[in-house]
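Here are some notes for you to read alongside the coordinates. I have kept them as numbered points, so feel free to jump around.

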Amino acid sequence: MRKIKKINGFLVVRFNDREKRNYPDLGSFGVIDAEQYTGDIDFDRDAMEYTDADCIEVAVEQARGLESESDFSEEPVSYTHLRAHET
């Protein structure tokens with residue numbers, strides 16, 4: 001596996017021929033969270049978001065789609081209102 005591109009916290013990786021031969025379900029490119037990437041295909045396969053892209057353009061779009069899904073926060077917004085006190 002070779003790192004190709006980093007997009008908003010996700011890595012697009014390219015699988016080599018040996019990896020594709022050992023794991024026939026792999027495409028040419030995959031997408032993984034950059035913090036979970038180890039470089040070892042046996043460990044990284046479980047952490048992969050996508051493993052089936054045949055071209056880099058598709059893998060990049062998959063990575064961008066993941067980022068747009070994670071932009072939303074479930075936490076409620078809070079505001080603080082400050083008012084100057086005159087004496």
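1. Let me begin in the middle of the sheet: β2 and β3 run antiparallel and are joined by five bridges. One of the residues to look at here is Arg14, whose bridge partner in β3 is Phe29. Please keep in mind throughout that this is a predicted model.

2. On its other pairing, β2 (residues 10-14) meets β1 (residues 2-7), again in the antiparallel sense and over five bridges. Two positions are handy for checking the register: Lys6 is opposite Leu11, and Ile7 is opposite Phe10. How covered is β2? Mostly covered, with four of its five residues buried.

3. The turn between these two strands deserves a look. Asn8 sits in the loop between β1 and β2, and the hairpin has two residues between its strands. What is the sign of phi at Asn8, which is not a glycine? The phi is positive, at about 45°. As background, most residues other than glycine have a negative phi.

4. The β3 and β4 pairing is antiparallel too, over three bridges. Here Ile32 of the one strand stands opposite Met48 in β4. Taken together, the four strands form an open sheet in the order β1-β2-β3-β4, with antiparallel pairing. Its edges are β1 and β4 (48-53), each of which pairs on one side only. If you are fitting strand axes, neighbouring strands are turned by 20° against each other on average, with direction ignored.

5. For the overall layout, the protein has three helices and four strands. Following the chain, they come in the pattern β-β-α-β-α-β-α.

6. Glu19 is the residue I would ask you to inspect with care. This glutamate belongs to helix α1 (residues 17-22). Which side chain of opposite charge is nearest to the buried Glu19, and how far away is it? The nearest is Arg18, at 4.5 Å, and Glu19 has no salt bridge. The cut-off matters for this reading, because a salt bridge requires a side-chain nitrogen of Lys or Arg within 4 Å of a carboxyl oxygen of Asp or Glu. Setting aside neighbours within four places in sequence, Glu19 is in contact with Met1, Arg14, Leu26 and Ile41. Arg14 is the residue already mentioned as the bridge partner of Phe29.

7. How many salt bridges does a search of the whole structure find? There are two. In one of them, the side chains of Arg45 and Asp25 meet at 2.9 Å, N to O. Arg45 is part of helix α2 (residues 41-47), while Asp25 lies in the loop between α1 and β3 (29-33), so this pair ties together parts that are 20 residues apart in sequence. Both ends are partly exposed: Arg45 has a relative accessibility of 29%, and Asp25 has 48%.

8. The other salt bridge joins the side chains of Glu61 and Arg64, at 3.3 Å, N to O. Both residues lie in helix α3 (residues 56-69), three residues apart, which is about one turn of the helix. Arg64 is partly exposed, at 45% relative accessibility.

9. Helix α3 also includes Ile56, which is partly exposed with a relative accessible area of 26%. Which residues does Ile56 touch, not counting those up to four places away in sequence? They are Ile4, Val12 and Phe29. Phe29 is a name you have met before, as the partner of Arg14 in β3. For a distance to check in your viewer, Ile56 and Val13 are 9.0 Å apart, C-alpha to C-alpha, although 43 residues separate them in sequence.

10. Finally, some totals for the protein. Of its 87 residues, 32% are buried. Among contacts between residues at least 6 apart in sequence, 41% join residues at least 24 apart. The accessible surface comes to about 6,600 Å², and carbon and sulfur atoms account for 45% of that surface.

Note on methods: Residues are numbered from 1 along each chain as its sequence is written. This is a predicted model: local features need pLDDT of at least 70, side-chain atom pairs count only at pLDDT 80 or more; totals for chains, interfaces and linings use all residues. Side-chain values use heavy atoms; hydrogens and water are left out. Buried means under 20% relative accessible area, exposed over 50%, partly exposed in between (1.4 Å probe, protein chains only). Lys and Arg count as positive and Asp and Glu as negative; His and the chain ends are not counted. Contact means heavy atoms within 4.5 Å. Two strands pair if DSSP finds at least two bridges between them. Axes are lines fitted to C-alpha atoms, for helices over the stretch in contact, and angles run from 0 to 180 degrees between N-to-C directions. Accessible areas come from the Shrake-Rupley method with a 1.4 Å probe; for residues, only the protein chains shown count as cover.
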